[in-house]
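User: I have a protein model open on my screen and would like to learn how to read it. Could you walk me through it, feature by feature?

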Amino acid sequence: MKTFCFKLYKSEHNIKLHKQINAADLTYNHCLALHNRCYKLFGKFLNRKQCKT
């Protein structure tokens, strides 16, 4: 897994990018929490179809 570090400076051009990165981060963390909770409750991970719904 690759990770990237970046710094967004406060400018008009970076406001939209900053919002999109925050939204992606929240979505990823939510899906990760769902996977962990499902595994703890049922002993199975969610598949792709279940994650999309």
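**Reading the model step by step**

Analyst: Happy to! Let's begin with one side chain: Tyr39 has a relative accessibility of 42%, so Tyr39 counts as partly exposed. Please keep in mind that this is a predicted model.

User: What is the relative accessible area of Phe45, and is Phe45 buried or exposed?

Analyst: Exposed begins over 50%. Phe45 has a relative accessible area of 54%, so Phe45 is exposed.

User: How should I describe two aromatic rings that sit together?

Analyst: A pair of aromatic rings is described by two things, the distance of the centres and the angle of the planes. In this model the count comes to one aromatic pair. The ring centres of Tyr39 and Phe45 are 4.6 Å apart and the planes are at 15 degrees, so this pair is stacked. The reasoning step is that planes under 30 degrees apart count as stacked.

User: Which secondary structure elements does the protein chain have?

Analyst: The protein chain has two helices and zero strands. Helix H1 covers residues 14–42, which is 29 residues. To read a helix, compare its reach with the expected span: from first C-alpha to last, H1 reaches 42 Å, close to the 42 Å expected at 1.5 Å a residue. Gly43, just after H1, takes a positive phi of about 75 degrees.

User: How do I judge the overall form of the protein chain?

Analyst: Set its radius of gyration against that of a compact globule. For 53 residues such a globule would be near 10 Å, but the protein chain has 16 Å. Along the principal axes, the C-alpha trace spans about 45 × 25 × 15 Å. Burial adds to the picture: 2% of the 53 residues count as buried.

User: Where is Cys5, and how far is its C-alpha from that of Cys51?

Analyst: Cys5 is found in the segment before H1. With a relative accessible area of 84%, Cys5 is exposed. Cys5 and Cys51 are 46 residues apart along the chain, and their C-alpha atoms are separated by 27 Å.

User: What is the volume of the largest pocket, and which residues line it?

Analyst: For a pocket, read the volume and then the lining. The largest pocket has a volume of about 170 Å³. Its lining is made up of Met1, Lys2, Thr3, Phe4, Phe6, Ile21 and Tyr28. By character, these lining residues divide into five nonpolar, one polar and one charged. Ile21 and Tyr28 fall within the residue range 14–42 of H1.

Definitions and conventions: Residues are numbered from 1 along each chain as its sequence is written. This is a predicted model: local features need pLDDT of at least 70, side-chain atom pairs count only at pLDDT 80 or more; totals for chains, interfaces and linings use all residues. Side-chain values use heavy atoms; hydrogens and water are left out. On a 1 Å grid over the protein atoms alone, a cavity is a set of points where a 1.4 Å probe fits but cannot get out, and a pocket is an open set with protein on both sides within 12 Å along at least five of seven lines; lining residues have an atom within 4 Å of a point. Grid points are joined across faces, edges and corners, and a volume is the space filled by probe spheres set on the points. Ala, Val, Leu, Ile, Met, Phe, Trp, Tyr, Cys and Pro count as nonpolar, Asp, Glu, Lys and Arg as charged, and the others, Gly among them, as polar. Helices (H or I, at least four residues) and strands (E, at least two) are DSSP runs, numbered from the N terminus. The expected span of a helix is 1.5 Å times one less than its number of residues. Rings of Phe, Tyr and Trp (its six-membered ring) pair if their centres lie within 6.5 Å; planes under 30 degrees apart count as stacked, over 60 as edge-to-face and the rest as tilted. Buried means under 20% relative accessible area, exposed over 50%, partly exposed in between (1.4 Å probe, protein chains only). The radius of gyration is taken over C-alpha atoms; the globule rule is 2.2 Å times the number of residues to the power 0.38.
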